[in-house]
Each structure stands twice: as structure tokens, then as C-alpha cells.
Amino acid sequence: MKNYKQLIAVLALTCLNIQYGCSQPAVHYQIDRTAPLQTMEYFSASDAWSMQIIGLWAQDKQNRIADWLFSTENGTNGQPKGIGLSLWRFNVGAGSAAQGKASQIGSKWMRTECFLQPDGTYDWDKQQGQRNFLKLAKERGVNKFLAFLNSPPVYFTQNGLATNTGRGGTSNLREDCYDAYARFLADVVQGVEKHDGIRFDYISPFNEPDGHWNWLGPKQEGNPATNREIARTVRLISQEFVNRNLNTQILITESSDYRCMFHTHQTDWQRGYQIQSFFNPDSVHTYLGDTPNVPRLMLGHSYWTNTPLKGLRDFRRQLRDTLDKYKVDFWQTETCIMSNDQEIGGGGGFDRTMKTALYVARIIHHDLVYAKARSWQWWRAIGGDYKDGLIREYTDSDLRDGSVEDSKLLWVLGNYSRFIRPGAVRMSVRTKDKDGREVEEGDTEQKGLMCSAYQNTNRQWVMVVINYADKERTFTFDVDDAKAKSWQGYRTSDRADENLLPVEKLKKGQPVTVPARSVVTFVSNEL
């Protein structure tokens with residue numbers, strides 16, 4: 001009996017180790033250049049809702065924020081000035097700001113202006129703060145822009161509001177306004193380019209149409225929709241873009257939960273099975289696979305699927321399996337910390353430390369490695385006393401001025417965005433333990449080391465290593481490339497000065513020690 005109990009204990013420990021990807025921790029990582037995976041596109045964040053206010057502050061404060069978000073320049077010590085986001089998300093407003101309290105959206109921050117006016121004309125002086133940041137991004141090298149909407153303009157909605165006010169899970173867009181909505185989106189694309197010199201490469205006409213919050217009551221702009229309503233709207237937008245010779249790509253569906261993309265979750269079939277609905281030709285009422293300006297691409301949000309750790313991995317595997325079946329690419333386009341992210345205390349209260357930064361780094365790793373996301377986008381660039389902003393704002397009561405504070409979350413996102421540039425290819429990483437044996441999924445210890453590797457279009461290699469553990473870890477890594485003779489590390493940790501801080505260069509094959517609770521990016525042959 002004693003031996004039996006010992007066997008059970010050993011098996012239990014083994015199962016626990018397997019669950020966290022550390023049955024025998026890897027000590028060597030080999031980047032496999034013969035096993036290319038997805039091609040990376042962009043890292044991004046959105047201007048909602050802060051830039052409409054902060055984009056009107058003093059220019060020096062705008063410049064500081066823009067440098068943090070977009071700069072790819074280095075300081076005199078080689079430390080990056082910013083995180084080099086390569087795409088910027090612009091929230092096209094629905095007009096709730098003009099309605100004030102009648103909008104039923106309580107916070108002034110969450111109400112937005114609209115280019116379209118009640119008389120059908122356009123006021124291209126609206127959303128000025130946000131447009132200022134479009135230009136600041138472009139000045140710092142960002143050349144890809146995405147426009148997204150939470151709701152159609154209030155003039156087109158059934159209840160005359162930009163929020164759904166508990167009216168059900170169907171679209172708030174009036175039956176006689178589908179064509180007008182398509183024309184509005186084309187007008188916005190052309191108008192912003194004409195007045196600001198910014199072309200929207202992508203437009204996302206729906207945001208979380210499957211999200212049950214969209215029909216539970218007023219909080220922010222939002223619009224639910226069924227798959228059939230989405231398909232009808234997208235076809236009309238496509239036709240309008242074709243008629244105007246616009247090459248802007250129409251993206252779908254910014255799902256609120258990965259599970260709605262391949263199954264259903266807190267909804268029904270009308271809003272679930274989205275990959276199958278839009279990209280399986282058998283779905284005759286909703287198929288968009290042959291629709292002009294609609295890429296074979298699905299957008300989803302990484303909310304609610306990040307815990308427990310088994311689900312963090314398994315949900316993304318299920319998503320990837322369905323995407324592969326229908327030959328569809330994937331972007332993760334929004335996330336922040338929510339109430340179920342209990343490992344770090346939920347979403348309340350801004351966190352400047354590595355606690356939230358590491359938790360998000362683990363999400364990024366799983367989205368890139370298991371779901372094979374080609375783009376990864378955070379929710380808000382700037383937020384308040386909540387874990388939804390890369391940067392924290394402290395705004396004066398009249399909203400005309402204030403101050404901002406960076407976070408470790410900002411810089412840890414930079415461990416990816418600053419060095420993995422558009423067109424980079426993610427490569428497989430093979431791992432071995434101290435005895436030279438292959439370690440299955442050794443690139444992902446969910447409470448230890450997690451690593452992923454990439455090659456940029458300039459042939460430069462990049463490897464991002466997360467150390468989630470409370471102790472330092474030592475390992476070696478290599479790639480079969482004679483030109484990769486040395487590696488420059490950039491470390492982010494809880495130390496005040498370590499925000500993508502350049503650390504000692506490594507020679508090829510030299511052991512490296514990564515401190516506890518830190519993220520380090522290694523770049524070959526620093527250019």
C-alpha cells in the first residue's frame with residue numbers, strides 16, 4: 001500500500017508538471033530555421049477613448065506619449081525611446097458626445113464625436129484630438145492604420161442612441177440605413193485621407209457583435225449583430241468600396257470571446273461558429289470568402305480565456321484547429337485585464353509593476369504560439385485607474401491638461417513590438433533538457449520560461465524570453481546561422497531603470513541568465 005501511495009504521488013506530480021510544461025525544464029533552445037510558422041504583421045493599441053482629450057493637451061506632452069508608443073529610435077545608451085507600435089487603431093465615433101447625458105452613456109470619456117452631422121453633412125473638425133495622434137504616429141514611422149467602430153452613427157440606429165439599451169441581440173442599425181452606413185464608412189476613409197493625409201488600410205465595422213454586454217444595458221457605445229446581419233452589412237460595404245475604387249480591407253468580426261469564433265459561448269448559433277459561418281461555402285447566407293476587400297482573416301479578442309492555465313492553452317489550440325480547417329488567418333485585436341483574471345487581482349486599479357506585465361506577456365506568448373496570431377493588439381493606449389491602459393493618465397477636472405505615467409506593461413509589450421517588425425517570420429523552437437533529451441512544448445513553461453523566435457525581413461534574428469518564475473534561470477540558445485555571431489539583450493524588469501534596457505552582449509553559444517520576473521529580448525548582430 002505504501003508503494004502504491006508513492007506511485008500515486010509521483011503520477012500526480014508528473015501530471016502537475018506536464019500541465020505547466022515543465023516535466024523536465026529545458027536548458028537549451030534551438031531556433032529551427034527550417035520550420036517557419038506564421039508571418040507577423042503588426043503590434044498595436046487603440047486611441048479609445050483617451051486621445052480625444054489628451055490629443056488636445058500641450059504639444060510637448062503629446063510628443064512624449066507619441067514617443068513612448070511609436071518611436072523606433074534609441075537613446076545615447078542604445079535604450080529604445082519607445083515601443084515602436086507598427087499599426088494604430090482609430091475609433092470612429094458614433095456621435096454620443098453631442099447627446100450628452102441623453103446618450104445614456106454616463107462617462108464623458110466614453111462618449112464620442114461623429115464626423116457625420118444631423119443634416120447629413122460632414123464636419124471634418126470633429127475628433128481632432130484623435131486625428132492629432134494619427135499624425136504623430138505617422139511622423140514616427142507608423143504607416144498602417146485601422147479604423148474601428150463600436151456603433152453606427154446615432155442617426156442610423158433604431159433607438160437613436162449609440163448604446164443598445166437592452167433591446168436584444170440583433171443589430172441596432174435601422175433597416176433603411178444599411179446602405180447609408182456603407183456610404184458613411186467610405187466617406188470616412190476618403191475624408192480622413194483628404195484632410196489629414198492618413199489612409200485607413202483596414203476598417204472594422206463591428207466590435208464584439210457577439211458580446212452579451214452589448215445588449216445588457218448602457219455603458220459605452222456598442223452594437224450587437226447576428227452573423228447574417230454582419231454578412232449583409234459587409235457585402236454592402238464591399239460594394240461601396242469597389243464602386244469608389246477603395247482598397248481598404250474590411251475586417252471581421254472582433255469577437256468578444258475566442259469560443260464564439262469556433263463554437264458558441266453565452267450566445268447562440270446566430271452569433272457563434274463565426275469562422276464556419278463566414279468562410280465555409282456551405283454557409284450560403286453568410287459566406288464572405290469571395291467578397292471583394294474582405295481578406296481571409298478573422299479578428300478576435302483575448303478576453304475571458306486566459307485562466308485557468310489549461311484553458312489558456314486549449315482554447316487557442318481549438319481556435320487554431322478551426323482556422324486551419326477553413327484556411328483562415330487570425331489577428332488578436334483587443335484585450336485588457338478583466339474580473340476573471342484573478343491571478344493578478346482582476347482589472348481594478350492601475351498596475352505599474354511586472355505583475356500585470358508578465359501576465360500579459362504570457363497571454364501574448366500563447367496567442368502567438370498556440371493560436372498563431374499574425375497581429376497582436378492591446379485595448380487602450382491610455383487609461384485611468386484600471387488595468388486597461390499601457391499608460392496611466394491623471395487628467396485635470398476641466399480635461400484641458402494633466403500628466404501621464406508609463407508602466408512595465410508598456411515596455412514588456414515593447415519586448416515584442418519594438419523588435420518583431422512587420423514581415424517577420426516566427427520560427428519553431430526545439431528544446432532539450434540537461435540530459436540532452438527533447439522536451440515536448442519546452443518553449444512554454446506557463447509558470448517558468450516561455451520563449452518564441454522570429455526572423456525579420458532584414459535577416460536579423462529575435463528571441464523573446466519570459467521568465468515568469470520567482471528565481472533566475474540559466475540556459476543556452478542558438479540558431480544555425482553563421483551570421484548570428486552575437487546577441488544583444490534588452491531587459492524589462494521591476495527595476496526602475498530596466499525598460500528595454502540594453503544588457504551585456506552574448507557570444508554565440510554563451511550561457512545566459514535571465515533574472516526572476518523579467519522579460520528579455522535577444523537580437524542577433526545588433527544593427
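The following dialogue asks how certain descriptions of this predicted model are reached.

Tutor: This is a predicted model, in which local features need pLDDT of at least 70 and side-chain atom pairs count only at pLDDT 80 or more, while totals for chains, interfaces and linings use all residues. Residues are numbered from 1 along each chain as its sequence is written, and side-chain values use heavy atoms, with hydrogens and water left out.

Student: What makes helix 10 roughly parallel to helix 11?

Tutor: Helix 10 (residues 309–325) and helix 11 (residues 354–369) pack at an angle of about 30°, with their axes 9 Å apart. Angles under 35 degrees count as roughly parallel, over 145 as roughly antiparallel, 65 to 115 as roughly perpendicular and the rest as oblique, so helix 10 is roughly parallel to helix 11. Helices here are DSSP runs of H or I with at least four residues, strands are runs of E with at least two, and both are numbered from the N terminus; axes are lines fitted to C-alpha atoms, for helices over the stretch in contact, and angles run from 0 to 180 degrees between N-to-C directions.

Student: Which residues make the contact of helix 10 with helix 11?

Tutor: Leu-309, Leu-312, Arg-313 and Arg-316 of helix 10 meet Arg-362, Ile-363, His-366 and Asp-367 of helix 11, where contact means heavy atoms within 4.5 Å. These residues divide into three nonpolar, one polar and four charged, with Ala, Val, Leu, Ile, Met, Phe, Trp, Tyr, Cys and Pro counted as nonpolar, Asp, Glu, Lys and Arg as charged, and the others, Gly among them, as polar.

Student: Why are helix 3 and helix 5 called oblique to each other?

Tutor: The axes of helix 3 (residues 59–70) and helix 5 come within 10 Å and cross at roughly 55°, an angle outside the ranges for the other three terms, and helix 3 and helix 5 are therefore oblique to each other. By class, their contact has six nonpolar, four polar and no charged residues.

Student: How do you know that the span of helix 6 is close to the one expected?

Tutor: Helix 6 (residues 178–196) has 19 residues and reaches 27 Å from its first C-alpha to its last, close to the 27 Å expected at 1.5 Å a residue, the expected span being 1.5 Å times one less than the number of residues. The buried residues of helix 6, including Tyr-178, Phe-184 and Val-192, pack against helix 5 (128–139), strand 5 (202–204) and helix 7 (227–243). Just after helix 6, Gly-197 takes a positive phi of about 70°.

Student: Why does Ser-283 count as buried or exposed?

Tutor: Ser-283 has 19% relative accessibility and therefore counts as buried, since buried means under 20% relative accessible area, exposed over 50%, and partly exposed in between (1.4 Å probe, protein chains only). Ser-283 lies in the loop between helix 9 (274–279) and strand 8 (297–301).

Student: What makes Arg-459 and Glu-254 count as buried or exposed?

Tutor: Arg-459, in the loop between strand 14 (449–455) and strand 15 (461–467), has 51% relative accessibility and so counts as exposed, whereas Glu-254, which lies in strand 7, counts as buried because its relative accessibility is 0%. Although neither is a glycine, Glu-254 has a positive phi of about 50° and Arg-459 has one of about 80°.
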